[in-house]
Amino acid sequence: MRKKQVGIHMEILDEFLDEDKLFKSCKVMGILKNNRVVLEEEPEQDSLYDFNVYEKWDEGESGLSKYIRKHGYSDEAETERLLRAMADSESGLYEVVDTDKENYIIKLKAISDSDKSIQLMDLSLSQMLEPGKLIFARLTHLENFSMTSGIAFVFRENHREYLLQRSKKLIKKAGSGDPSADRFIAFFYLNRSDGMKTMLQSVE
């Protein structure tokens, strides 16, 4: 499923992210300085691509919504389920409740809804995260498990109140016109200033 997801991401970026759209998205994210894209480290490139695939910053559309509008859903059942789950995915802040390193499972609790429990499957994060850590991620919910879109911002447990307060101010400042995009931009900058360094495995 991860390989299928990565393949769809690449198709979307190849088809819908030309140079003009790239520069416009960088301007929306606030990382275009003197007509140059300013990224502080390599993983931020993945955040930029994630933003272009999933966030509806371009006249109310995302790369994913354009892809589905043009091509529709796949005739292949598993790919159709994945595309629909990707279309329904959303980013949010979660607390790590428990980890099962042997089975690559992370049990998460949504900060915005303490009763909402999520089983996240991730080869890399399951080995590095400990209970109490906070994670901002875009989750795709499948039948028996959830997975990230490929990026994750990780924060220390004692940053909870700071993140909640600071993110509200950054969301207001972002002003992209889309609440989800504003939330992503806010946590992109919080990751720059307060995030813990992570290294995720790539999928070939």
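This is a guided tour of a predicted model, one selection at a time.

**Stop 1: strand β6**

Select residues 134-141, which make up strand β6. Colour these residues so that they can be found again at the next two stops. Is this strand enclosed or open? Seven of its eight residues are buried, so strand β6 is largely enclosed by the rest of the structure. A residue is called buried here when its relative accessible area is under 20%.

**Stop 2: the neighbours of β6**

Add residues 90-100, which form strand β3. Strands β3 and β6 run antiparallel, and six bridges join them. For one pair to look at, show L93, which stands opposite F136 in β6.

Now add residues 146-155, strand β7. How many bridges join β6 to β7? There are seven, and these two strands also run antiparallel. Show L139 and its bridge partner in β7, T148. Follow the chain from β6 into β7: the two strands form a hairpin, with four residues between them.

**Stop 3: the loop between β1 and β2**

Hide the earlier selections and go to N34, in the loop between β1 (32-33) and β2 (36-37). N35 lies in the loop between β1 and β2 as well. What is the sign of phi at N34? The angle is positive, about 55°, although N34 is not a glycine. N35, not a glycine either, has a positive phi of about 65°.

Turn on the surface for both residues. N34 has a relative accessible area of 78%, so it is exposed. N35 counts as exposed too, at 57% relative accessibility. The cut-off for exposed is over 50%.

**Stop 4: a positive patch**

Keep the surface on and select K33, R166, K169 and K173. These residues gather in a patch of positive charge on the surface. Which helix gives the largest share of the positive patch? Helix α7, residues 160-174, contributes three residues. R166 lies in this helix. With 33% relative accessibility, R166 counts as partly exposed.

**Stop 5: a nonpolar patch**

Next, select Y104, M121 and L123. They form a nonpolar patch on the surface, and their accessible area together is about 270 Å². M121 belongs to strand β5, which covers residues 113-121. The relative accessible area of M121 is 36%, so this residue is partly exposed.

**Stop 6: salt bridges between distant parts of the sequence**

Side chains of opposite charge can pair when their charged atoms come close. How many salt bridges does the count come to? It comes to 17. Three of them are worth showing as sticks.

Begin with R2 and D122. They form a salt bridge in which the closest N and O atoms are 3.7 Å apart. R2 lies in helix α1 (residues 2-16) and D122 in the loop between β5 and α6 (125-128), so the pair ties together parts that are 120 residues apart in sequence. D122 is buried, at a relative accessible area of 8%.

Move to E78 and K4, whose side chains meet in a salt bridge of 3.9 Å, N to O. E78 lies in helix α5 (residues 77-88) and K4 in helix α1, so this pair links parts that are 74 residues apart in sequence. E78 counts as partly exposed at 30% relative accessibility, and K4 counts as partly exposed at 29%. Add E76 to the view: K4, E76 and E78 are linked in a network of salt bridges.

**Stop 7: a salt bridge within one helix**

The last selection is K24 and D20. Their salt bridge has its closest N and O atoms 3.3 Å apart. Where do the two residues lie? Both are in helix α2 (residues 19-29), four residues apart, which is about one turn of the helix. K24 is partly exposed at 43% relative accessibility. D20 is partly exposed as well, at 42%.

Conventions
Residues numbered from 1 in each chain as written. Predicted model: local features only at pLDDT ≥ 70, side-chain atom pairs only at ≥ 80, totals over all residues. Heavy atoms only, no water. Buried < 20%, exposed > 50% of the residue type's maximum accessible area, 1.4 Å probe, protein only. Pairing = 2+ DSSP bridges. Patch = residues over 30% accessible without salt bridge, like charges linked within 9 Å, V, L, I, M, F, W, Y side chains within 5 Å. Areas by Shrake-Rupley, 256 points an atom, 1.4 Å probe, with all protein chains shown as cover. Salt bridge = Lys/Arg side-chain N within 4 Å of Asp/Glu carboxyl O. Lys, Arg positive; Asp, Glu negative; His and termini not counted. Charge placed at Lys NZ, Arg CZ, Asp CG, Glu CD.
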